[in-house]
Amino acid sequence: MYSLVWGAFATTLGWVLATDVRGAAHRFHAFTHAATPFRGSGAPVVGVGFLRLVAGIFALIGPIVLVSGLLDLWRGEAEGFRSPPVSGWFVLVEAVIVGAVLWSAWRRSGFLRRQWGAGSVLWRTAAAGVTASVGVFAALLALGWGTWLPAAWLLGGLCGITLLLSGPTGGPSDG
């Protein structure tokens, strides 16, 4: 199952960023630069061209992994993902990290807050989907329900791709 989800996500995101559909690579670059902690006011370390090159590699490898996963599923060899049992400390640290990430994304200048503020039903739904998938992914990992982890990952990824393709431009960190 992991191969199916990874292949589908890598193929989709890879092609969207490599071909810079509707400025998605530029939005992704601006978002990653804005989301990097302790970045200061300096220029980004890598440019959009390098990002598109790496995305192109994912766009070429993704279909191979996807077909491999489909063949495994067809032959009945696909296995559910099992996550190891986690300790209470791991769950606590995970909750703090997820909380910090969501706070950063939803603060006044955060990426998801800007998408929500744009007012479109599609953007708001996608922003809520990204938020929900992060929380659900963390909860599933803490509970050890690994079979459903790829579904949460794929939901968040598809909502994120939706924001990259249709989100507003011209925000404070877009450039």
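Among the elements of the protein chain, confidence bottoms out in α2, with a mean pLDDT of 76, and peaks in α3, with a mean of 87. The model is a predicted one, and the chain as a whole averages a pLDDT of 79, with 83% of the residues scoring at least 70. One stretch calls for some caution: over residues 170-175 the pLDDT stays under 50, and for this stretch the model has ten contacts beyond four places in sequence.

Helix α4 gives a good look at how one helix sits in the model. Spanning residues 88-106, α4 has 19 residues and reaches 27 Å from its first C-alpha to its last, close to the 27 Å expected at 1.5 Å a residue. Four residues of α4 are buried, namely Glu 94, Val 98, Leu 102 and Ala 105. These four sit on the same side of α4, because they cover an arc of only 60° around the axis. What do the buried residues of α4 pack against? Their partners are α5 (111-117) and α6 (121-143). On the face of α4 turned away from its buried side, the exposed residues are Gly 88, Trp 89, Val 96, Ile 97 and Trp 103.

The end of α4 also takes part in an aromatic pairing. The count of aromatic pairs comes to three, and two of them are described here, starting with Trp 6 and Phe 58. With ring centres 5.8 Å apart and planes at 40°, the pair of Trp 6 and Phe 58 is tilted, since edge-to-face would take an angle over 60 degrees and stacked one under 30. Trp 6 belongs to helix α1 and Phe 58 to helix α3 (residues 48-75), so this pair ties together parts that are 52 residues apart in sequence. Phe 58 itself is partly exposed, at 37% relative accessibility. The other pair is made by Trp 106 and Trp 116, whose ring centres lie 5.9 Å apart; their planes are at 65°, so the pair is edge-to-face. Here Trp 106 comes from helix α4 and Trp 116 from helix α5, ten residues apart, and the pair links distant parts of the chain. Both tryptophans keep some access to the outside: Trp 106 is partly exposed at 23% relative accessible area, and Trp 116 is partly exposed at 33%.

Phe 58 turns up again in the surroundings of Thr 11. This threonine has its place in helix α1 (residues 2-18). Is Thr 11 buried or exposed? Thr 11 counts as buried, because its relative accessibility is 17% and the cut-off for buried is under 20%. Leaving aside neighbours within four places in sequence, Thr 11 is in contact with Phe 58, Gly 62 and Pro 63.

Past α1, the loop leading to α2 holds two residues with a backbone worth a second look. Asp 20 lies in the loop between α1 and α2 (24-35), and Arg 22 is found in the loop between α1 and α2 as well. Phi of Asp 20 is near 55°, a positive value in a residue other than glycine. Arg 22 likewise has a positive phi without being a glycine, with a value near 50°. Their surroundings are another matter: Asp 20 is buried, with a relative accessible area of 16%, whereas Arg 22 is exposed, with a relative accessible area of 61%.

Conventions:
Residues numbered from 1 in each chain as written. Predicted model: local features only at pLDDT ≥ 70, side-chain atom pairs only at ≥ 80, totals over all residues. Heavy atoms only, no water. Expected span 1.5 Å × (residues − 1). Buried < 20%, exposed > 50% of the residue type's maximum accessible area, 1.4 Å probe, protein only. Arc of directions from axis to C-beta. Contact = heavy atoms within 4.5 Å. Phe/Tyr/Trp six-rings, centres within 6.5 Å; stacked < 30°, edge-to-face > 60°. pLDDT = per-residue confidence, 0-100.
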